[in-house]
Every structure is written in structure tokens, then in C-alpha cells.
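Here are some notes on the model, set out as numbered points for you to follow alongside the sequence and the coordinates.

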Amino acid sequence: MQSRVTTPRTLLAARRQAFGPGMAEPPPPILRSWERCAALGLDFGQRPRVEPLGSAEMRAAFDRSEALRQTCRPEIEALHAEAQATGSLVILTDADGLILDTLGSDAFAGRAAQVALRPGVPWSESLTGTNAIGTALVERRPVEVRGAEHYFEPHRILSCAAMPILGADGTVLGVLDLTGPAAIHQGHALGLVGLAVAAIEHRLLDTVPTGCEVLRLHRDAGLLGTPREGVLVFEGRRLVGANRHGLALLGLSWGDLGTEQAGGHGGDTAPGPLSLRDATGAPLYGRLQGVPARRRSTVETARQNPAALSPEGPILDPATEKLLARAVRLIDAGIPVVVEGETGTGKEVFARAAHAACARAQKPFVAVNCAALPETLIEAELFGYEPGAFTGAARHGAKGLLRQAEGGLLFLDEIGDMPLSLQSRLLRALQEREVLPVGGTRPIPVDFALICATHRDLSRMVEEGAFRADLFYRIAPYRVRLAPLRERQDRLALVRGLWARSDGPARGVTLSPDCEAALAEAEWPGNLRQLAACLKALAALAEAGEVLGPADLPEGVTCRPAPAPVPRREEAGRLDVLAQDAMRAALAAHGGNVSRAARSLGISRSTLYRRCLTERAGV
């Protein structure tokens, strides 16, 4: 019996017969995929037989991919708004095409689930035919599959764009996909996915492996440090890791990993940007990381640690340093960041440090306190105005703060206090990347990175209708919480670091160990701002050469109470009643102000809240 060989042409003819003569010839990757599917004996007229994993298998698969899911989360959340606006889904899979996460349009998610496009279902090409996820895995390249280009007929309702996520050694870690209804042409989908994957892969190469050097390079010096830069990892002269941009700039491929390259760097390198050339001889700009301090560029040192060269830089604990590094990566990827924290925790200091370390460091940093601007003038202050736009306007008009931040970073402090009436204008400016000055008729393009800060709970304000939900989702794809001073574990080191920056040491004034301990253990409701102001006051009042002790601390600086001893069981009930009575009395004495009542009792506000709520609930 003679077997019939299926070729792309015969398969295309068969599909045209099934779907109609108007079907256009698909691109080569789709034809190759059809041929592979036909060789596997898949019948494109049937529904693919795919089943979700069992609960135990799914849990194990998700556990294996947890690191990938966390790495990709900022980009998935950033694409969330785009997916909702176009009725689409953002999809993340593992290296085998197993769907891990979907986020986006709830309405389309229901339609997608009808063809098994949901978490826990494998979408490899061998099981589900030609599709963006499975075909991208086989082709190891970005793939777009629209409507009838899918192998199986039920999948024709989908239009998908996917790109593999590659590790530093070229291994496939997973796939990022943007899928929507086939009836809506999404010409930008593959570009958005490509930008997101570039940011993810860039983050994977953010740290320098032990014993290695990392070369970062680009044709444009201004793009060093951004996801568009090339990255090459050397162990001696041997190339051991890279990203796609780095390989392309030097005309290399993944097969060159493990070989010795002329780009490997041994010996001394002069400070400053490196002079390199690409495969065509065109000049490149580069910086080297992981080299001895004597060879490291001063500029690169400042970008890695913005506080290193500035005596006024922030004193960050390890947890906040990690938050800062993440914020810088997000800013370089064009993703807004919201910084949350109590008053005095250093939200603006954090934002300035992020600006100093990001790719926009040489451009302006413009800070706007939304709570301090008069409501009647806030629109003109932000968006600018034309000459004669209103009574009292400057004769030549004004650019506005958003335009002053052109190319740099805009810091909107206390964004939660922005009037609702203005939030819609700000949302439009962020979406369209242009502003319309007051009295103007033509919008003006703007380009800036955005960090917002607030001491309020924006998500709760959205629920209460006090803050626009669409603006919240636009500005807060990633939120950073700065811990209050009482939660920091480095309080003693912080006291010493801030004191070293004061005028005291220059005049021979020192803090005794008891004084340092008292400052570290004191209650600081104003957090870092209050502590820094207290230390400056101590330095100003002290005599030259004086040693300050706890008795020299200003009135109101009180130590946090030591933990109360655990009462015996027979005393617990009586002590609990006394505690409740004391809390009620403190609240009454302070007019219901929970913060003041808590301070007077020497307990945290959260403890007072919890105990009061427990009493009201009758627990």
C-alpha cells in the first residue's frame, strides 16, 4: 500500500477546500507548522484532544515555575490594561507550553476556555496543532497566528502573538502570549509581547554571576542600562551567557556560547565607557561589570549604587535596596511605579534614588506635591497654559510641570489627594502621552517616566469611589511599600549613618552608646524625617567635643516599651478587662484619634485597632 506524502502545498489546498478559496497563503513558519502537524497525523477538521492536568500534577508544575511567574509578573500586569482594552488575554506558559497564568478580559476568557485555553492545559504544537504558543516553542522565535492559520478549526476564533522567553544560556524558560478574538486585528500585539519579553530577559541578566564579567553594550550610549541593551556574560575569555540583543550586535548566535571570544576582558580597562565595534565595524558603547574596583567606571558605580557618590543619598536596608533595583528596572521598561508608606518614610528620597540609577538620570527630576497645589490652579500647574488663558496668567504662558519633566522622571507625591475632577485629565495625558495646555487647542506630546507616592491605601479609595479605578490601574501596575522606621531592623546603623552626615562629628560631638541605643529604640511616628531632624537639632545644640547621653534627647523622644510579661492563666481574664478599659479611656481622652491613643498607651496603632475590633465583634 502506497502512503501519501503530505506537503505544505497539498495541505494548503486541502485547507482552502475546507475554508474557502479566499484564504491567503500563510507565511513560511505557519506552513512549516502545518507540515509538522500533518506528519503527526493530526486531523485539522477535528477538535484537538487535550485535557487539563490533574490537581497534583498541576500543583507540581506550578511550583516548578514559581520563579518564572514571579519574574514575569510586572510585564504581565503591565499588559493587563492592554488586554482588557482589546478584549484579550495575557498568557504565560512554561517551557512545555503548559498554561500557567491568564490575565485580561473576563468576557473573552470565557470564550477561550471553550477551546481549552486556560491554566493547567498544555498548548504544545504536537497536541493543539499550529498555535502561537506551541509554534513559537518549536521555531524558537516570535510567532503570530491569526484566525484560519490555526491548524485546528475550533481555534479559528483566536488571534495569537507569542514569543519564547530565553535564559542567559539560550534555554527556553517559557512563552509570553497575547491572544484575542480573530475578528479584531491586533497589529501591535507581537510588538508589545516582544517589548515585554525583552524586559524579562534583561532582568534575568541583572546580576553578575560569581567569577564572571558582564558586558553591556549598545550603539546608543543613552540606551545602556535599558532592556534594549545587549548583554554578554564572560568567564575569563569564554562567553557563557547573553541576551538576543547582545548576540545580534556582535553577529553571534546561541551556538557561540562556551567558546572563547575576543570580547572577553582580562587585564585593566580604563575608567569610563568602553570603545567597541559591532560585526560590521560600527562603533558600540559598553560598560563592564564584575571587574575590580580600580577598573570600574565611576559613572557605572553611580548607576549601580546612587548613594555611593553622594553624602546625601539614602541609607537603605537590604530589603529597600531590592525594592529600588526593581523600581529602576520598571522605570527603564516604561512601567509606572507607586510608592506607598507612612509620612516621613522617605518616598521622595526613594524616587530620587530611582531617578539617579535609571536610564533617564541625565534628564530632569520634577517633583509635584498634589496635596499642596491649590485646586483652582492644579490643572494649569500640571498641564501649563497659553498666554491670557485666565486672569493673572503669565504673559508668555507656562509649560506646566508635565512638560518640564520631558525625557526625565515625574514624581507625583500624595497622588491620593488629587481631586477627582483632575484625575480624568491626568489619565488621558498618561494614555495618550500628550497634554493640552489650559486655553490651548493643540495637544503637545510628552515623554517622561512616572513614579507616584501616597500615604493612603489607593485600592481602598477605589472601592470607596474616592479615586478613579482606571487611573489606579494605569499608575499602579507595581506598588512598592516602604517600611516605617519601627519595622526596620537596621535602626542602630541608621542612627549612626545619619549622625555621620550631621554637623556633630565635624565639631567633635559624639553620641554615647546609651544615647545611640535610646535613639534606635525610640518611637518615631514621623519616621526617618523625624529622626533626621532630631539628630540635626542635637548637633546644633551640643558644645564642641561633647558626648551626648540619653538625658540630652529632646522632650517627647520616648523609648518603645518592653514587651509585657505573659500573665498567668488565672490572671489573664482580669488583665484583659483592664487592658480593654485602658484602651477605651485613651480613645475617649484623645477624641477617638487612634494614632494618639496608641502612642499614649505605648502600643502600635494596628494593635489598638485589632483589640477594639475584637471587642466590638464580641470575640
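1. A helix here is a DSSP run of H or I with at least four residues, and helices are numbered from the N terminus. In that sense Leu-402 lies in helix H14, which covers residues 401-404.

2. Please keep in mind that this is a predicted model. The protein chain has a mean pLDDT of 80, and 80% of its residues reach 70 or more. Over residues 1-5, however, the pLDDT is below 50, and this stretch has one contact in the model beyond near neighbours in sequence. Residues 291-312 also stay under 50 in pLDDT, although for them the model has 35 contacts beyond four places in sequence.

3. Is Leu-402 buried or exposed? With a relative accessible area of 0%, Leu-402 counts as buried, because the cut-off for that class is under 20%. Setting aside residues up to four places away in sequence, Leu-402 touches Leu-382, Phe-383, Leu-410, Ala-429, Val-435 and Phe-448. As for Phe-383, it is 19 residues from Leu-402 along the chain, and the C-alpha atoms of the two are separated by 6.1 Å.

4. Thr-93 can be read in a similar way, beginning with its place in strand S1, which spans residues 89-94. The relative accessible area of Thr-93 is 0%, so this residue is buried. Apart from neighbours within four places in sequence, Thr-93 is in contact with Leu-68, Leu-98, Ile-99, Leu-100 and Ile-133, and also with Leu-173, Gly-174 and Val-175.

Definitions and conventions: Residues are numbered from 1 along each chain as its sequence is written. This is a predicted model: local features need pLDDT of at least 70, side-chain atom pairs count only at pLDDT 80 or more; totals for chains, interfaces and linings use all residues. Side-chain values use heavy atoms; hydrogens and water are left out. pLDDT is the predictor's confidence in each residue, from 0 to 100. Contact means heavy atoms within 4.5 Å. Helices (H or I, at least four residues) and strands (E, at least two) are DSSP runs, numbered from the N terminus. Buried means under 20% relative accessible area, exposed over 50%, partly exposed in between (1.4 Å probe, protein chains only).
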